[in-house]
Amino acid sequence: MIDEWDSPVQHLRRLSAELGVEVLVKRDDLLPFPLGGNKVRKLTAEFASLDSLPDVVVSNGAVASNHCRTLALLAAEHGFRSHLVLHGDRDGAGSARALALLDAVGATYDVVTDPSDIASTIEARRTEAAARGARVHVVAGGCHTRAGALAYRHAAVAAISAHRPAWVVVASGTGATHGGIAAGAAQLSDGPRVVGVSVGRTADRGTAAVAEAARWAGAEVEVDFRDAYLDGGYGRHTATTASAVALGWRNGLPLDHTYTGKAMAGLRAMVTTGEIPPGARVLFWHTGGLANYLLREETA
Ligand SMILES: *Cc1c(COP(=O)(O)O)cnc(C)c1O
């Protein structure tokens, strides 16, 4: 139906030398799909979990979200329709280009400005399509689903067994990626510490979502979710994140300011404070974000 892929793990020697720890990178940004990223792994697993492909998929996300773009591309490739309930600003950073891409692959969408309209709009679109006789599948925003968390558990077991890191560091948003990886680590003896670096949520809210995702993936875990690198909140950043992004790029690793740059800022801080000791083997789980980098607003 839809193939599930895996991505390479790379030892980045120059980045390791600059950070003073052994950095292996799980390159989910290089999954074989345009612009890559964790939404590719989560969404391909979501569709693989269904008995058959639907006629119409309805989901939601920000106008320029990686989730919505990936879903729209998968739909075009496999011949089902995607309808997206997009929130935010048609005129925001990169919005015109993000919408042009959705148009190009034939996705349809609503842009709602009031977040309280999202759920009712999804329900209206679902009902309309079902009334036409279409088989409709609604995917939770960000593909925050059981299948997504399970996909990350499986990938984590494989990568951790093969490379035996002492630490895993990953950007954590809605929580299925982090929760799945934590569930995988928990199933291995002598598994690594899995640290999720929040890209938007404070620890109280974020920790619960990650714990729930880990439970979906079959494990009770002690969640390590850090909100110290929010750097102004979701989609915002200061020089702190920007310098972590620059650290990646100058060592050949593309990072972005919304997701992976914050994870790298967290890793760098944990090395600087000595929490992660010199020379330790760290698996930096790269979740994508090249589109965020390319579509970002020009800042001085
Ligand atoms: C969505 C996303 C995340 C967050 O993943 P969650 O599973 O929602 O925690 C991290 N990085 C990138 C690039 C993303 O697009």
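1. In this predicted model, a polar atom in the side chain of Ser 16 lies 2.8 Å from the backbone nitrogen of Val 23. Ser 16 belongs to helix α1, which spans residues 13-19. With a relative accessible area of 9%, Ser 16 is buried, because the limit for that class is under 20%. The contact to Val 23 is therefore made by a residue that falls in the buried class.

2. The ligand sits in the largest pocket. The elements that contribute two or more residues to its shell are α2 (38-48) and α7. Of the elements, α2 gives the most, with 3 residues. The shell comprises 14 residues, and the closest are Lys 39, Gly 173, Thr 174, Thr 177 and Thr 287. By residue class, the shell holds 2 nonpolar, 10 polar and 2 charged residues.

3. Three side chains may be inspected for polar contacts with the ligand. In the side chain of Lys 39, an N or O atom is 2.8 Å from an oxygen atom of the ligand. For Asn 66, a polar side-chain atom lies 2.7 Å from a ligand oxygen. For Thr 177, the distance between an N or O atom of the side chain and an oxygen atom of the ligand is 2.7 Å. The protein covers 96% of the 380 Å² of accessible area that the ligand has on its own.

4. Helix α7 deserves a separate remark. This helix runs over residues 176-186, and 10 of its 11 residues are buried. The buried set consists of Ala 176, Thr 177, His 178, Gly 179, Gly 180, Ile 181, Ala 182, Ala 183, Gly 184 and Ala 185. Thr 177 thus appears twice in this note: it is among the buried residues of α7, and it is one of the residues closest to the ligand. An α-helix has 3.6 residues a turn, so residues three or four places apart point the same way.

5. Gln 187 is located in the loop between α7 and β8 (193-198). Its relative accessible area is 46%, so Gln 187 is partly exposed. The C-alpha atoms of Gln 187 and Ala 156 are 10.0 Å apart in space, and the two residues are 31 apart in sequence.

6. Two residues call for a check of backbone geometry. Most residues other than glycine have a negative phi. Cys 143, which is not a glycine, has a positive phi of about 50°. Cys 143 is placed in the loop between β6 (136-138) and α6 (146-163). At 0% relative accessibility, Cys 143 counts as buried.

7. The second such residue is Arg 164, also not a glycine, with a positive phi of about 45°. Arg 164 is in the loop between α6 and β7 (167-172). Whereas Cys 143 is buried, Arg 164 is partly exposed, with a relative accessible area of 41%.

8. Strand β7 contains Val 169. Val 169 has a relative accessible area of 0% and is therefore buried. Its C-alpha atom is separated by 5.0 Å from that of Phe 284, although the two residues are 115 apart along the chain.

9. Which loop holds Gly 288? Gly 288 is found between β10 (281-286) and α11 (290-295). Gly 288 is buried, with a relative accessible area of 3%. From Gly 288 to Ala 131 the C-alpha distance is 37 Å, and the separation in sequence is 157 residues.

10. Is Gly 218 buried or exposed? Gly 218 counts as exposed because its relative accessibility is 60%, and the exposed class begins over 50%. Gly 218 lies in the loop between α8 (203-216) and β9 (224-226). Its C-alpha atom is 8.9 Å from that of Arg 153, and 65 residues separate the two in sequence.

Key
Residues numbered from 1 in each chain as written. Predicted model: local features only at pLDDT ≥ 70, side-chain atom pairs only at ≥ 80, totals over all residues. Heavy atoms only, no water. Buried < 20%, exposed > 50% of the residue type's maximum accessible area, 1.4 Å probe, protein only. Helix = DSSP H or I, 4+ residues; strand = E, 2+ residues; numbered from the N terminus. Near = heavy atom within 4 Å. Polar contact = N/O pair within 3.5 Å; in protein donor to acceptor, adjacent residues only side chain to side chain. Areas by Shrake-Rupley, 256 points an atom, 1.4 Å probe, with all protein chains shown as cover. 1 Å grid on protein atoms, 1.4 Å probe; cavity = no way out; pocket = protein on both sides within 12 Å on 5 of 7 lines; lining within 4 Å. Sits in = over half its atoms within 2 Å of the grid points. Nonpolar A, V, L, I, M, F, W, Y, C, P; charged D, E, K, R; others polar.
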